[in-house]
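Let's take a walk through a protein model together, one step at a time. Keep the picture open beside you and follow along.

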Amino acid sequence: MNAPVKIETTLKDWETDQEVRWCPGCGDYAILKAVQRTLPQLGADPANTVFISGIGCSSRFPYYIESYGFHTIHGRAPAFATGVKLANPELDIWLVTGDGDGLSIGGNHLMHVLRRNVNMQIMLFNNEIYGLTKGQASPTSREGTKSPSTPIGSYDHPARPAAFALGAGARFVARGFDVSKKLPEVLTAAHAHQGAAFVEIFQNCIVYNKDVFDDFAAPKGAEDRQLWLENGKPMLFAGDTKGIALDREALTLKVVDVADGDWEAADVIVHDVANRSLAHMLVEMPFGEFPMALGVLYDDPRPTFEEAVIAEREKASEGKTANLARLLGSGQTWTVDGTAQDPV
Amino acid sequence: MATQQVESPREAAETPEAVVVRFAGDSGDGMQLTGGQFTLSTALAGNDLATFPDFPAEIRAPQGTLFGVSAFQINFGSRQINTAGDAPDVLVAMNPAALKTNIAALKPGGLVIADTGAFTKRNLDKAQYESNPLEDDSLAKYDVLAFDISEKTIEAVKPFGLGNKDALRSKNMWTLGLALWMFDRPRDPIHQWLRAKFRNKPDIADANIAALDAGHAYGETAELAGPLKQLTVPPVPSAPGLYRTVTGAEAVSLGLVAGAQLAELPMFFGGYPITPASAILHHLARLKEFGVTTFQAEDEIAAVCAAIGASYAGQLGVTSSSGPGIALKTEAMGLAIMTELPLVIVNSQRGGPSTGLPTKTEQSDLYQAVYGRNGDASMPVLAARSPSDAFEVAIEACRIAVKYMTPVMLLTDGYIANAAEPWKVPDPAEFEPFPATFLEEPRGEQLLPYKRDEHGARPWIKPGTKGMMHRIGGIEKHQETGNIDYSPDNHQAMTDLRKAKIENIDVPDQEVSLGETSGKLAVVGWGSTFGPIHQAVRKARAKGCDVSHIHVRHVWPLPKNLGELLRGYDNILVPEMNTGQFKTVLRDQFLVDAQPLTKTSGQPFQIAELVTAIGRYFDGIEGNEGGEVEVNRQQLPTMQSGHDDGSLRRETSPQSQEHSS
């Protein structure tokens, strides 16, 4: 694939003339702005950019980005996006989905787009609730979530999007949240990754699941509860007074105290985005006891699906011409000469 | 060996017009392969033919069981052949179970060829025979030729050092050799085919050729009393040209490739394995040099969604399945209707609701195709009448999809998909191209992605086109800008526009396939019932009945003149392999008194069944002896298909992994 030509745009160029119809105060607004801020930085070309979504609040996203957009059906956006990418691998595809769309009705498609490694950015807005259908518990809702469909509290175990993605074979897994200033950075890293890049974005549904991420996303005390990962850097948080180390006996992660900035003495792990074992521990790291792991958890590219499809098509076509007349007349044939009469 | 000496009608007719042969054996006996190769040699001998493969749903059903029987029927002759034939003249039974499940279908006086080597106590028990039918008088009304094919095969392949088990795998080739002799067919094409198939295993090729030749030599030299006689079926006079055999699955695939070329588009095919539709995926996967991308998706839904995605990006999206898979694709079809993108959906119908009868044929998805979506979601529906017809119908589906920016459903069925018939190879240059056009700049000052052309089609705009960015989706759109618009007037207008677009598709006027444009009875069919209806009407007309055959290809929208045409007949009979679905559509659209004739046994109509049904409208022919009677307003009683035990079957065996193609 040719390197795409960088285009100069501003945030305004990525706004459509359509009225944004999310609830006032919805986290989706912040994500929309973060994306509209990121695209000019990437030098993205609106004509070459396609936003594809399923159904749900998050999936209205394409209507508000001045590029090509396809608002499809519930859960199936990854399948549409795969067809678009195979038909035109030059297109830069952003997939927008949510916890219900991507992990409930569309879990199967999300799994397969990740394992096939179709080159696109996948943004899963996780608000742990069904917003557009008025607040039912979703597959990421925490146990005990009270909702119209679970009046006494939900009792099914929540899915963990990043763990799901990694388990499905994703080669890029990152996390951010709606109002985070670092979200554009995360999206930029996702865009730079060649292959399916999965980004879980915690998003505040102010109507049905208000402030459910405040534990780590609220500005107050955020330092103590957010672990922003950087490749090659020690896993430090709480003003570098704490770090993540390996508990060698239990083969799990542990929080350690770091005295005087000497993280090496505390055996704090240096983040390696290409270390899959480490990524598995990070996506499983329970928040509460641990800080929330944010940023790029895992990034280790391998050949993409569309490259393989193109290579196969080229190999299969080698030395062959697309001669339809010859194809129709292939196999074992026979000729009836001109003396015969028409069939009865 | 035990041969029954019975006066045979066959003996008098050594140059018959048409012969029906059924090969039946265990799933592992390679009967589909034997049938396929016999078909090929028959085609090469210049006969017209039709075949009917009938196999179990199980891949390797337990050996020797009644439900593990696999059969292949071929009807060939020196006149036009439209069906696989009603009752076989010759039944080749490779074991007791095959004899038991197929004997009732054989014509009285027909010939049974049986392998005594397989009529062991154990196999007789499995087939629930209390005594050996080859040795008691239960087959008295047939000619029986029974000898130890197993032993003769082992003898023939002995020089190649194969064990008994491997040697017995060539039994089908021995039998084929005998059949080739019986009908005076050349062996060369089969020799060539075996050498090509076992290119890397020359020993196996040699052993199979030896078995084939031994079977042939047995017919030639054995001094057999009675029934085994060589028959010559002269070639059918055909229009000059190049011919080949083709199955429906092949013809659909080729038609889609041709359609994409005529539209000047690359093709994207999204599929998911399902019987009997998978063969289309298999064929297309080998045609990448024609700009075909095949994608085996994670499920039926993803297959159609990826195809729609490809259409959105500017290719011709195609998906294919059978009833249960089509049901899963339904929501996505609605999106393709709403976003007005071209798409071809091939439905190879099979029997029953849910899993039903995966390997048997039925036409019971017509309601699903015509009426089966949420909202007012109209979609053109076409039906192929035979394996070779599927080629042209696939091209027509592509044409409509591209011209009108709409999904199109193409109906075939299990019978059409698997059956083979000779095909006069068409010249692609004879088809009118219908190149797709893409909108690359706004037609006026403003970009209007939903502003329609004179056919009611919206413009096709590829993502990647400069300055044409816009958004589409499943939410109701404004009738010109395509922006979200739920307003009452707009939804009314959009519903009307979508409906009008489909209704105004340029469907050719309906013609009468056989007979007159008015009269006492019209037999109206669609899909694969063409063959039996055509032959039945021909026979009834030969007896003087005022009956005509109308065959509908464009099931939705229907030809504009069809209502008027139907009103010209006193009676309308609609034979279908379902409980009367097209009858409902005809009544709904034209308020005509269409009468159903239904069959849902998983087997195609027999000509005789239809002749009987037609006879009820006329005096003096079978089914209506004693004078003209009232039109029978009830469907015929369940037809006896004779050999269908209702079990689900599918065959592959070491030597029958695929049909020849």
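**A tour of chains A and B**

In chain A, which has 344 residues, 49% count as buried. Keep in mind as we go that this is a predicted model. For chain A the mean pLDDT is 94, and 97% of the residues reach 70 or more. One stretch to treat with care is residues 339–344 of chain A, where the pLDDT is below 50; in the model this stretch has twelve contacts beyond near neighbours in sequence.

Now for the overall build of chain A. Its secondary structure consists of eleven helices and 14 strands. Along the principal axes, the C-alpha atoms of chain A fill a box of roughly 100 × 45 × 45 Å. Take the contacts in chain A with a separation of 6 or more: 66% of them are between residues 24 or more positions apart.

Let's zoom in on strand β8 of chain A, residues 196–202. How many of its residues are buried? Seven of its seven residues are, and the strand is mostly covered. To picture this, it helps to know that side chains in a regular strand alternate between the two faces of the sheet. On one side of β8(A) you find A:A196, A:F198, A:E200 and A:F202, and on the other A:A197, A:V199 and A:I201; all of these are buried, and both faces are covered.

Which strands pair with β8(A)? One is strand β4 of chain A (residues 120–126), which runs parallel to β8(A) and is joined to it by seven bridges. Within this pairing, A:N126 has A:F202 as its bridge partner. Another is strand β7 of chain A (residues 172–177), also parallel to β8(A), with five bridges. Here A:A174 is matched with A:V199. Between β7(A) and β8(A) comes helix α6 of chain A, residues 183–192, and together they make a right-handed β-α-β unit.

Staying in chain A, look for A:L229, which is found in strand β9 (residues 226–229). Is A:L229 buried or exposed? It counts as buried because it has 20 C-beta neighbours inside 10 Å, and 20 is the number at which a residue counts as buried. Leaving aside residues up to four places away in sequence, A:L229 touches A:M235, A:H271, A:A293, A:L294, A:G295, A:V296 and A:L297. The C-alpha atoms of A:L229 and A:R175 are separated by 9.7 Å, although these residues are 54 residues apart along the chain.

Next, cross over to chain B. Here you can trace an open sheet of seven strands in the order β10-β9-β11-β12-β14-β13-β19, with mixed pairing. At its edges stand β10 and β19 (554–556) of chain B, each with a single partner strand, so one side of each is left without a neighbour in the sheet. On average, neighbouring strands of this sheet are turned by 20° against each other, direction ignored.

Helix α11 of chain B packs on the sheet, touching β9, β10, β11 and β12 of chain B, and its direction makes about 135° with that of β10(B). A second helix, α13 of chain B (residues 323–339), lies across β11, β12 and β14 (407–413) of chain B and runs at about 160° to β12(B). Strands β11 (residues 316–321) and β12 (residues 343–349) of chain B pair in the parallel sense over four bridges, with B:V318 opposite B:V344.

Back at the edge strand β10(B), residues 292–296, four of the five residues are buried, so this strand is largely enclosed by the rest of the structure. Its pairing with strand β9 of chain B (residues 267–271) is parallel, over five bridges, and B:G271 stands opposite B:Q296. The strands β9(B) and β10(B), with helix α11 of chain B (residues 278–285), make a right-handed β-α-β unit.

Finally, where do the two chains meet? The contact takes 55 residues from chain A and 65 residues from chain B. On the side of chain A that touches chain B, the largest share, eight residues, comes from α2(A). The residues of this side divide into 27 nonpolar, 21 polar and seven charged. Pairing also links the chains: β2(A) and strand β16 of chain B (residues 471–473) are parallel over three bridges, and A:F70 stands opposite B:I472.

Conventions: Residues numbered from 1 in each chain as written. Chains lettered and ligands numbered in written order. Predicted model: local features only at pLDDT ≥ 70, side-chain atom pairs only at ≥ 80, totals over all residues. Buried ≥ 20, exposed ≤ 12 C-beta atoms within 10 Å, placed from the backbone. Helix = DSSP H or I, 4+ residues; strand = E, 2+ residues; numbered from the N terminus. Pairing = 2+ DSSP bridges. Right-handed = clockwise from strand over helix to strand, strands pointing away. Contact = placed C-beta atoms within 7 Å. pLDDT = per-residue confidence, 0-100. Axes fitted to C-alpha atoms, helices over the stretch in contact; angles between N-to-C directions. Nonpolar A, V, L, I, M, F, W, Y, C, P; charged D, E, K, R; others polar.
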